[in-house]
Amino acid sequence: MLEVSGLQHLIHLYCMQIYSWMDTLVAQYPNLVTKEEIGKSYENRPMYVLKFSTGGANRPAIWIDTGIHSREWVSPATGLWTANKIASDFGSDTSLTSLLNTMDIYLLILANPDGYVYTHTNDRMWRKTRSINSGSSCRGVDPNRNWDAGFGGPGASTSPCSDSYHGPFAHSEIEVKNVVDLIKSHGNFKSFISVHAYSQLLMYPYGYTCADVADKAELDSLGREAAQKLTSLYGTYYKVGNICNIIYPASGGSIDWSYDSGIKYSFAFELRDTGYYGFLLPANQIIPTASETWLALKHILEYVRDHPY
Amino acid sequence: MGFRGFIVLVVLMGTGGSPTAAVSLKDESAHPNFVTREQKDPTVEEGRGDVMATGELNPSHFPARRAAKVVQHYLNTRYGSPYRLFGLEDVHSATAEDVADTGRRYHLQISAHEIISNRTQKCSADVFFPRGEPTQPPEVKASCEELLQNTTAQEEALYQRYKEGHSLLSAQYIPDSQGHIEPDVMPFWHLSIVASSFIMLHESTENTLYNMAQVAQITQLETERKELKFDSHMLLHDMVSQEILHWKLLFTWSPAEGIKVQQMQQIPKPNH
């Protein structure tokens, strides 16, 4: 079993190991961290979000999700390390502490638990959910084409066998619906950050169109500063831009939905590497990846704290 | 230094119903339309998904990056070995122009990173994507500034070990799920990436971005010939469609002959 404090090295963990680790984190930092079930997955696994809060009622909040595409293992690994980092630095890091005194952080480490389990048991390259598609022998929907933002538009497939199948309708996937419901009923999220791998990119909306968002200048500048912070640790270079131009047109994506829902500071990370290991990033790169990414995340969080709206 | 540049592909048509690819790759692009022309429209246009940009391209945007990835695959087919492997480091500048109705040509300034020696060098390249059905592979011309590191001794040692050895290489899932590779399998991982680059180069279009995802299986076969011979099952990842493509690849390698693809065949991904 992992020690919670001072994670010296990580391997890519199983779903149940991550869940039991969450419990140990909550037990170690009971005044800061709680675990909330936001609903179940298609295969009835609980979806747990870690909430970092020093109190208040419905404070402005920041959303971070990892692992929505199950084969991108460095993403939930980064989520886990980041959860530990937030908990252990609270109280000693002035900036983080001031942030948590006025805002809450929600961290969904496994946004697609069924897919993640499947990558361990059956197919390391599985990306989608594991829902049954009626009329097809192919399972699963791409959970990042399933959001109600340009749904069914470019860059999403109509075929259930495709890895970018958008699903029968927006929010058809329970994993997506659970998050949508939480965000909507909370009503006070100020930032929405989704973490993927690979390609080393930091992107802002839109994917469903290449047209600029109204806040493009601000998001671009914030993204560039965050990327520079990331690079400062080990020299890892990230490209910054909107999804549609940087990577591809892609409709039905989560950060397009969050932006169009009024959450201005919406970003997507594509973590290491640029294709050498790709999805199979070795475990010895988890901590370097998470550490450098934290510098970018922290920069964004501080900016969100300092720019209330 | 003395690296054999000309790589001949000999393709044997497979039996059975699965589609096979007849491959004939030109070493240097000799397409008749590969003539320098004045650019008609130097204005910048942003990529809008289905309308591909022309003129000066934003080097951070996907049209330039996809073309640059093709150059990476080309460099690996041309110069790659178990001890020499290129990655795309960066795109510095790019232009694109339509070439009558025959296709689109990109001109790129990139940096290529030789992963094993950890050296980066600048390259200038042309990539021509032909239009029409059936889709033809792109044609690439590239020149890079630095001489290649000499890897002959390492290649010879590897070759001798597996030519004379008592057991034939047989391995699967490289890297494994945790991203781990046994040290003495590393050269075969690199060799597999290079061999897969022939597939990736052949299959590349303006709407693909290929990386090798994993070697599902690689088996060394007995052969009377000088070269080492391998049967393999490669998993390729196309970033644009997000699909994992399964390919069977039969190839040979020796330090003298380099890599020769004997058969490449896409196979359907398992349905689940």
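The following questions and answers introduce a predicted model with chains A and B.

Student: How many residues does each chain bring to the contact between chain B and chain A?

Tutor: The area buried between chain B and chain A is about 3000 Å². Carbon and sulfur atoms give 51% of that area. As for residues, chain A and chain B each bring 38.

Student: Which elements of chain B give two or more residues to the side that touches chain A?

Tutor: Between chain B and chain A, 15 residue pairs are in polar contact, with both residues at pLDDT 80 or more. The elements of chain B that give two or more residues to this side comprise two helices and three strands, namely helix H1 (62-79), helix H3 (186-203), strand S7 (210-221), strand S8 (228-238) and strand S9 (243-254).

Student: How many residues on the side of chain B that touches chain A are nonpolar, polar and charged?

Tutor: That side of chain B is divided here by residue class. The count is 14 nonpolar, 15 polar and 9 charged residues.

Student: Which residues form the salt bridge between chain B and chain A?

Tutor: The count between chain B and chain A is 1 salt bridge. Its closest N and O atoms are 3.0 Å apart, and the partners are Asp90(B) and Lys239(A).

Student: Is Tyr165(A) buried or exposed?

Tutor: Tyr165(A) lies in the loop between helix H4 (113-121) and helix H5 (174-186) of chain A. Residues that it touches include Lys128(A), Asn133(A), Asp142(A), Arg145(A) and Pro160(A). Because its relative accessible area is 9%, and the limit for burial is under 20%, Tyr165(A) is buried.

Student: Which residues of helix H4(A) are buried?

Tutor: Helix H4(A) is mostly covered, with 7 of its 9 residues buried. The cover over these residues includes helix H1 (15-28), strand S2 (46-52), helix H2 (74-89) and H5 of chain A. The buried residues are Pro113(A), Asp114(A), Gly115(A), Tyr116(A), Val117(A), Tyr118(A) and Thr119(A).

Student: Which element gives the most to the largest nonpolar core?

Tutor: The largest nonpolar core has 140 residues, and those with the most contacts inside it are Phe52(A), Trp63(A) and Phe269(A). The element of chain A that gives the most to this core supplies 10 residues and is helix H9 (residues 286-306).

Student: How many residues are in the second, separate core?

Tutor: Among the residues of this second core are Ala68(B), Leu88(B), Val91(B) and Cys123(B). The core is separate from the largest one, and its number of residues is 25.

Student: Why does Glu227(B) count as buried?

Tutor: Glu227(B) is placed in the loop between S7 and S8 of chain B. Residues that Glu227(B) touches include Tyr159(B), Lys163(B), Trp253(B) and Glu257(B). Burial requires under 20% relative accessible area, so Glu227(B) counts as buried with a value of 6%.

Student: What is the N to O distance in the salt bridge of Arg225(B) and Glu227(B)?

Tutor: At 47% relative accessibility, Arg225(B) counts as partly exposed, whereas Glu227(B) is buried. Their side chains meet in a salt bridge, and the N to O distance is 3.3 Å.

Student: How many residues apart are Lys177(A) and Asp181(A)?

Tutor: The side chains of Lys177(A) and Asp181(A) meet in a salt bridge of 3.0 Å, N to O. Lys177(A) is partly exposed at 34% relative accessibility, and Asp181(A) is partly exposed at 36%. Both lie in helix H5 of chain A, about one turn of the helix from each other, at a separation of 4 residues.

Student: Where do the partners Arg119(B) and Glu146(B) lie?

Tutor: The side chains of Arg119(B) and Glu146(B) meet in a salt bridge of 3.5 Å, N to O. This pair links distant parts of the chain, 27 residues apart. Arg119(B) is in strand S4 (residues 119-130) of chain B, and Glu146(B) is in the loop between strand S5 (139-144) and helix H2 (152-164) of chain B.

Student: How far apart in space are the C-alpha atoms of Pro270(B) and Thr135(B)?

Tutor: Pro270(B) is in the segment after strand S10 (258-267) of chain B. Pro270(B) is partly exposed, with a relative accessible area of 46%. Pro270(B) and Thr135(B) are 135 residues apart along the chain, and their C-alpha atoms are separated by 25 Å.

Terms used:
Residues numbered from 1 in each chain as written. Chains lettered and ligands numbered in written order. Predicted model: local features only at pLDDT ≥ 70, side-chain atom pairs only at ≥ 80, totals over all residues. Heavy atoms only, no water. Contact = heavy atoms within 4.5 Å. Buried area = accessible area lost by both parts, 1.4 Å probe. Salt bridge = Lys/Arg side-chain N within 4 Å of Asp/Glu carboxyl O. Polar contact = N/O pair within 3.5 Å; in protein donor to acceptor, adjacent residues only side chain to side chain. Nonpolar A, V, L, I, M, F, W, Y, C, P; charged D, E, K, R; others polar. Buried < 20%, exposed > 50% of the residue type's maximum accessible area, 1.4 Å probe, protein only. Core = buried A, V, L, I, M, F, W, Y, C linked by side-chain atoms within 4.5 Å. Lists of a residue's contacts leave out its neighbours within four places in sequence.
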